[in-house]
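I kept a notebook open while going through this model, and here are my entries. Pull up the structure and follow along.

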Amino acid sequence: MNEVVLEARLVKKSFRSPDGSEIGVLRGANLSMKKGSSVSLTGESGAGKTTFLNILAGMESATSGEVLWNGKSITGLSNSAQAKLRGKFMGFVFQNYCLIPELNAVQNVELASRIAGKFDSEAMKRARELLSSVGLKNRMGHLPSQLSGGEKQRVAIARALVNLPSVVLADEPTGNLDENTARGVMDMLLRLCSDTGASLLLITHNPDFAARTDVKVRLSNGLAEEI
(Lines give C-alpha, C1' and ligand atoms only; values in the text may rest on other atoms or scores of the structure.)
Protein backbone atom coordinates (compact mmCIF):
# COMPACT_ATOMS: atom_id res chain seq x y z
CA MET A 1 0.00 0.00 0.00
CA ASN A 2 1.30 3.45 -0.97
CA GLU A 3 2.35 5.75 1.84
CA VAL A 4 0.09 8.74 2.51
CA VAL A 5 2.21 11.91 2.46
CA LEU A 6 -0.46 14.61 2.86
CA GLU A 7 -3.79 14.26 4.60
CA ALA A 8 -6.63 16.49 5.76
CA ARG A 9 -9.19 15.19 8.22
CA LEU A 10 -12.53 16.94 8.69
CA VAL A 11 -11.10 20.37 8.03
CA LYS A 12 -13.48 23.25 8.69
CA LYS A 13 -12.87 26.93 8.08
CA SER A 14 -15.20 29.79 8.92
CA PHE A 15 -14.88 33.55 8.58
CA ARG A 16 -16.70 36.40 10.26
CA SER A 17 -18.56 38.69 7.89
CA PRO A 18 -18.70 42.47 8.53
CA ASP A 19 -22.18 42.08 10.05
CA GLY A 20 -20.84 39.54 12.54
CA SER A 21 -22.37 36.45 10.99
CA GLU A 22 -20.27 33.33 10.42
CA ILE A 23 -19.55 32.13 6.88
CA GLY A 24 -18.49 28.49 6.54
CA VAL A 25 -16.10 27.94 3.63
CA LEU A 26 -14.91 24.43 4.49
CA ARG A 27 -17.36 22.17 6.29
CA GLY A 28 -15.37 19.03 7.07
CA ALA A 29 -13.17 18.54 4.00
CA ASN A 30 -11.04 15.41 3.74
CA LEU A 31 -8.12 14.73 1.42
CA SER A 32 -5.55 11.94 1.23
CA MET A 33 -2.54 12.03 -1.11
CA LYS A 34 -0.33 9.02 -1.67
CA LYS A 35 3.38 9.21 -2.30
CA GLY A 36 4.20 9.94 -5.94
CA SER A 37 0.58 10.59 -6.93
CA SER A 38 -0.96 13.59 -8.66
CA VAL A 39 -4.27 15.05 -7.49
CA SER A 40 -6.30 17.82 -9.11
CA LEU A 41 -8.58 20.03 -7.05
CA THR A 42 -11.34 21.78 -8.96
CA GLY A 43 -14.43 23.77 -8.01
CA GLU A 44 -16.26 27.00 -8.67
CA SER A 45 -14.60 30.33 -7.95
CA GLY A 46 -15.09 31.08 -4.28
CA ALA A 47 -15.46 27.42 -3.35
CA GLY A 48 -12.46 27.64 -1.03
CA LYS A 49 -9.76 25.89 -3.07
CA THR A 50 -6.96 28.30 -2.21
CA THR A 51 -8.08 28.44 1.42
CA PHE A 52 -7.92 24.65 1.56
CA LEU A 53 -4.48 24.63 -0.06
CA ASN A 54 -3.22 27.24 2.43
CA ILE A 55 -4.47 25.12 5.32
CA LEU A 56 -2.83 22.00 3.86
CA ALA A 57 0.39 24.02 3.60
CA GLY A 58 0.16 25.19 7.19
CA MET A 59 0.02 28.82 6.06
CA GLU A 60 -3.51 29.31 7.36
CA SER A 61 -5.16 27.82 10.43
CA ALA A 62 -8.30 25.71 10.21
CA THR A 63 -11.23 26.44 12.49
CA SER A 64 -11.17 22.73 13.33
CA GLY A 65 -9.86 19.48 11.90
CA GLU A 66 -6.38 18.12 11.38
CA VAL A 67 -3.63 18.20 8.74
CA LEU A 68 -0.91 15.56 8.62
CA TRP A 69 2.42 15.65 6.79
CA ASN A 70 4.00 12.22 6.32
CA GLY A 71 1.59 10.85 8.89
CA LYS A 72 2.41 13.41 11.56
CA SER A 73 -0.07 16.07 12.63
CA ILE A 74 1.04 19.69 12.19
CA THR A 75 -2.03 20.95 14.03
CA GLY A 76 -0.89 22.75 17.15
CA LEU A 77 2.71 23.24 16.02
CA SER A 78 4.07 26.78 16.24
CA ASN A 79 4.40 28.83 13.07
CA SER A 80 8.19 28.58 13.24
CA ALA A 81 8.08 24.79 13.67
CA GLN A 82 5.73 24.46 10.71
CA ALA A 83 7.90 26.75 8.58
CA LYS A 84 11.01 24.70 9.33
CA LEU A 85 9.26 21.51 8.25
CA ARG A 86 7.55 23.13 5.26
CA GLY A 87 10.76 24.23 3.56
CA LYS A 88 11.92 20.63 3.25
CA PHE A 89 8.54 18.94 2.80
CA MET A 90 6.81 21.17 0.24
CA GLY A 91 7.42 23.12 -2.92
CA PHE A 92 5.07 25.76 -4.33
CA VAL A 93 4.07 27.02 -7.77
CA PHE A 94 1.81 30.08 -7.86
CA GLN A 95 -0.20 31.71 -10.65
CA ASN A 96 1.78 34.96 -10.42
CA TYR A 97 5.21 33.22 -10.29
CA CYS A 98 6.38 34.96 -7.06
CA LEU A 99 9.94 35.45 -8.31
CA ILE A 100 12.29 37.98 -6.69
CA PRO A 101 12.81 40.68 -9.36
CA GLU A 102 16.38 41.52 -8.28
CA LEU A 103 17.55 37.90 -8.55
CA ASN A 104 18.31 36.09 -11.80
CA ALA A 105 16.75 32.75 -12.71
CA VAL A 106 19.29 30.49 -11.02
CA GLN A 107 19.41 32.69 -7.92
CA ASN A 108 15.61 32.50 -7.63
CA VAL A 109 15.80 28.70 -7.70
CA GLU A 110 18.68 28.61 -5.22
CA LEU A 111 16.74 30.87 -2.85
CA ALA A 112 14.42 28.01 -1.91
CA SER A 113 17.44 25.99 -0.74
CA ARG A 114 18.80 28.94 1.22
CA ILE A 115 15.47 29.43 3.01
CA ALA A 116 15.30 25.72 3.86
CA GLY A 117 18.85 25.77 5.19
CA LYS A 118 19.92 23.25 2.55
CA PHE A 119 22.13 25.46 0.38
CA ASP A 120 25.35 23.71 -0.61
CA SER A 121 27.22 22.66 -3.73
CA GLU A 122 24.68 19.91 -4.41
CA ALA A 123 21.81 22.40 -4.24
CA MET A 124 23.64 24.72 -6.63
CA LYS A 125 24.19 21.86 -9.04
CA ARG A 126 20.56 20.74 -8.77
CA ALA A 127 19.30 24.27 -9.46
CA ARG A 128 21.23 24.40 -12.72
CA GLU A 129 20.19 20.89 -13.71
CA LEU A 130 16.52 21.70 -13.10
CA LEU A 131 16.70 24.90 -15.13
CA SER A 132 18.34 22.96 -17.96
CA SER A 133 15.60 20.33 -17.76
CA VAL A 134 12.90 22.98 -18.23
CA GLY A 135 14.68 24.44 -21.25
CA LEU A 136 16.34 27.44 -19.59
CA LYS A 137 19.99 26.43 -19.82
CA ASN A 138 20.81 29.65 -21.66
CA ARG A 139 18.59 31.90 -19.53
CA MET A 140 19.98 31.23 -16.05
CA GLY A 141 21.53 34.69 -15.74
CA HIS A 142 18.39 36.55 -16.84
CA LEU A 143 16.27 38.58 -14.44
CA PRO A 144 12.48 37.89 -14.28
CA SER A 145 11.86 41.11 -16.22
CA GLN A 146 13.85 39.59 -19.09
CA LEU A 147 11.79 36.38 -19.17
CA SER A 148 8.43 35.57 -20.74
CA GLY A 149 5.50 34.40 -18.63
CA GLY A 150 6.12 30.79 -19.58
CA GLU A 151 9.82 31.09 -18.75
CA LYS A 152 9.02 32.64 -15.35
CA GLN A 153 6.73 29.75 -14.53
CA ARG A 154 9.38 27.24 -15.53
CA VAL A 155 11.78 28.96 -13.12
CA ALA A 156 9.07 28.65 -10.46
CA ILE A 157 8.71 24.92 -11.17
CA ALA A 158 12.47 24.42 -10.85
CA ARG A 159 12.40 26.37 -7.57
CA ALA A 160 9.55 24.21 -6.25
CA LEU A 161 11.53 21.04 -6.86
CA VAL A 162 15.07 22.07 -5.92
CA ASN A 163 14.77 20.80 -2.33
CA LEU A 164 13.43 17.43 -3.49
CA PRO A 165 10.11 17.94 -1.67
CA SER A 166 7.62 15.19 -0.90
CA VAL A 167 4.75 17.37 -2.12
CA VAL A 168 4.36 20.18 -4.66
CA LEU A 169 1.33 22.47 -4.30
CA ALA A 170 0.43 24.30 -7.50
CA ASP A 171 -2.28 26.96 -7.36
CA GLU A 172 -3.55 27.75 -10.89
CA PRO A 173 0.01 27.56 -12.29
CA THR A 174 -1.13 28.20 -15.87
CA GLY A 175 -3.71 30.88 -15.10
CA ASN A 176 -1.62 33.74 -16.56
CA LEU A 177 -0.44 31.86 -19.64
CA ASP A 178 -1.79 31.46 -23.17
CA GLU A 179 -3.12 28.04 -24.17
CA ASN A 180 -0.03 26.70 -25.91
CA THR A 181 2.38 27.95 -23.26
CA ALA A 182 0.11 26.60 -20.52
CA ARG A 183 0.13 23.15 -22.08
CA GLY A 184 3.93 23.11 -22.22
CA VAL A 185 4.24 24.27 -18.61
CA MET A 186 1.79 21.61 -17.46
CA ASP A 187 3.72 18.93 -19.35
CA MET A 188 6.90 19.98 -17.54
CA LEU A 189 5.25 20.14 -14.14
CA LEU A 190 3.77 16.66 -14.41
CA ARG A 191 6.96 15.19 -15.87
CA LEU A 192 9.30 16.66 -13.29
CA CYS A 193 7.10 15.71 -10.35
CA SER A 194 6.97 12.18 -11.71
CA ASP A 195 10.73 12.08 -12.31
CA THR A 196 11.55 13.30 -8.80
CA GLY A 197 8.86 11.26 -7.04
CA ALA A 198 7.07 14.34 -5.69
CA SER A 199 3.32 14.18 -5.13
CA LEU A 200 1.45 16.98 -6.89
CA LEU A 201 -1.67 18.80 -5.72
CA LEU A 202 -2.92 20.91 -8.62
CA ILE A 203 -5.61 23.56 -8.33
CA THR A 204 -6.94 24.28 -11.80
CA HIS A 205 -10.00 25.48 -13.68
CA ASN A 206 -8.81 23.68 -16.81
CA PRO A 207 -10.70 20.37 -17.17
CA ASP A 208 -8.10 18.97 -19.58
CA PHE A 209 -5.29 19.51 -17.07
CA ALA A 210 -7.40 18.13 -14.23
CA ALA A 211 -8.07 15.00 -16.28
CA ARG A 212 -4.34 14.27 -16.51
CA THR A 213 -3.88 13.69 -12.77
CA ASP A 214 -4.17 10.31 -11.07
CA VAL A 215 -6.95 11.46 -8.75
CA LYS A 216 -9.62 14.10 -9.39
CA VAL A 217 -11.20 15.92 -6.45
CA ARG A 218 -13.93 18.55 -6.57
CA LEU A 219 -14.52 21.04 -3.78
CA SER A 220 -18.21 21.89 -3.45
CA ASN A 221 -20.35 23.05 -0.54
CA GLY A 222 -17.32 22.96 1.71
CA LEU A 223 -16.54 19.28 1.05
CA ALA A 224 -13.85 17.64 -1.10
CA GLU A 225 -15.18 14.67 -3.05
CA GLU A 226 -13.30 12.38 -5.43
CA ILE A 227 -14.89 12.34 -8.90
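**Entry 1: F92**

I looked up F92 and found it buried, with a relative accessible area of 15%. A word of caution for everything that follows: this is a predicted model. The cut-off I apply for "buried" is under 20% relative accessible area, so F92 at 15% falls inside it. F92 sits in strand β6. I then listed its contacts, leaving aside neighbours within four places in sequence: A57, M59, R86, A156, R159, A160 and L169. I also checked F92 against L201: they are 109 residues apart in sequence, yet the C-alpha atoms are 9.8 Å apart in space.

**Entry 2: the sheet that holds β6**

Next I traced the sheet. I read 6 strands in the order β6-β7-β8-β3-β9-β10, forming an open sheet with mixed pairing. Which strands stand at the edges? I found β6 (90-94) and β10 (223-226) there, each with a single partner strand, so one side of each has no neighbour in the sheet. From one strand to the next, the twist averages 20°.

I picked one pair inside this sheet for a closer look. β3 (residues 38-42) and β8 (residues 199-203) pair in the parallel sense, over 4 bridges. I noted S40 as an entry point, since its bridge partner in β8 is L202.

Then I turned to the helix on this sheet. α6 (residues 179-196) lies across β6, β7 (167-171) and β8, and I noted an angle of about 155° to β8.

**Entry 3: the largest pocket**

I went looking for open space. The largest pocket has a volume of about 500 Å³. Which of its 21 lining residues are closest to the centre? I wrote down G87, M90, F92, A112 and I115, so my residue from the first entry turns up again. Sorting the lining by element, I found that α2 (79-89), β6, α3 and α5 each give two or more residues. α2 gives the most, with 5 residues.

**Entry 4: helix α3**

As α3 is among the lining elements, I read along it. In α3 (residues 105-115), the buried residues are A105, V106, N108, V109, E110, A112 and S113. What do they pack against? I found α4 (121-133) and α5 (149-161).

I checked both ends of the helix as well. At the N-terminal end, N104 is the cap: one of its side-chain oxygens lies 3.3 Å from the backbone nitrogen of V106. Just after α3, I noted G117 with a positive phi of about 70°.

**Entry 5: Q153 and T174**

I moved on to α5, where Q153 has its place. Is Q153 buried or exposed? Its relative accessibility is 0%, so I logged Q153 as buried. Not counting residues up to four places away in sequence, Q153 touches V93, F94, Q95, Y97, P173, L177 and V185.

T174 came next, in the loop between β7 and α6. T174 is buried too, with a relative accessible area of 9%. Beyond four places in sequence, I found T174 touching A182, V185, M186 and F209. V185 is thus on my contact list for Q153 and on my list for T174. For a distance check I took K137, 37 residues from T174 along the chain, and got 22 Å between the C-alpha atoms.

**Entry 6: the other sheet**

Last, I looked at an open sheet of 4 strands in the order β2-β1-β4-β5, with antiparallel pairing. Its edge strands are β2 and β5 (72-73), each pairing on one side only.

I followed β1 (residues 4-16) and β2 (residues 22-34), which run antiparallel and are joined by 10 bridges. To fix the register, I noted that V4 has K34 as its bridge partner in β2, and that V11 stands opposite A29. The hairpin has 5 residues between these strands, and within the hairpin G20 takes a positive phi near 95°.

Two helices went into the notebook for this sheet. α1 (residues 49-56) lies across β1, β2 and β4 (64-69), running at about 125° to β1. α2 lies across β1 and β4, at about 50° to β4. That brought me back to the pocket, where α2 gives the most to the lining.

Conventions
Residues numbered from 1 in each chain as written. Predicted model: local features only at pLDDT ≥ 70, side-chain atom pairs only at ≥ 80, totals over all residues. Heavy atoms only, no water. Buried < 20%, exposed > 50% of the residue type's maximum accessible area, 1.4 Å probe, protein only. Contact = heavy atoms within 4.5 Å. Polar contact = N/O pair within 3.5 Å; in protein donor to acceptor, adjacent residues only side chain to side chain. Pairing = 2+ DSSP bridges. Axes fitted to C-alpha atoms, helices over the stretch in contact; angles between N-to-C directions. 1 Å grid on protein atoms, 1.4 Å probe; cavity = no way out; pocket = protein on both sides within 12 Å on 5 of 7 lines; lining within 4 Å. Points joined across faces, edges and corners; volume = space filled by probe spheres on them.
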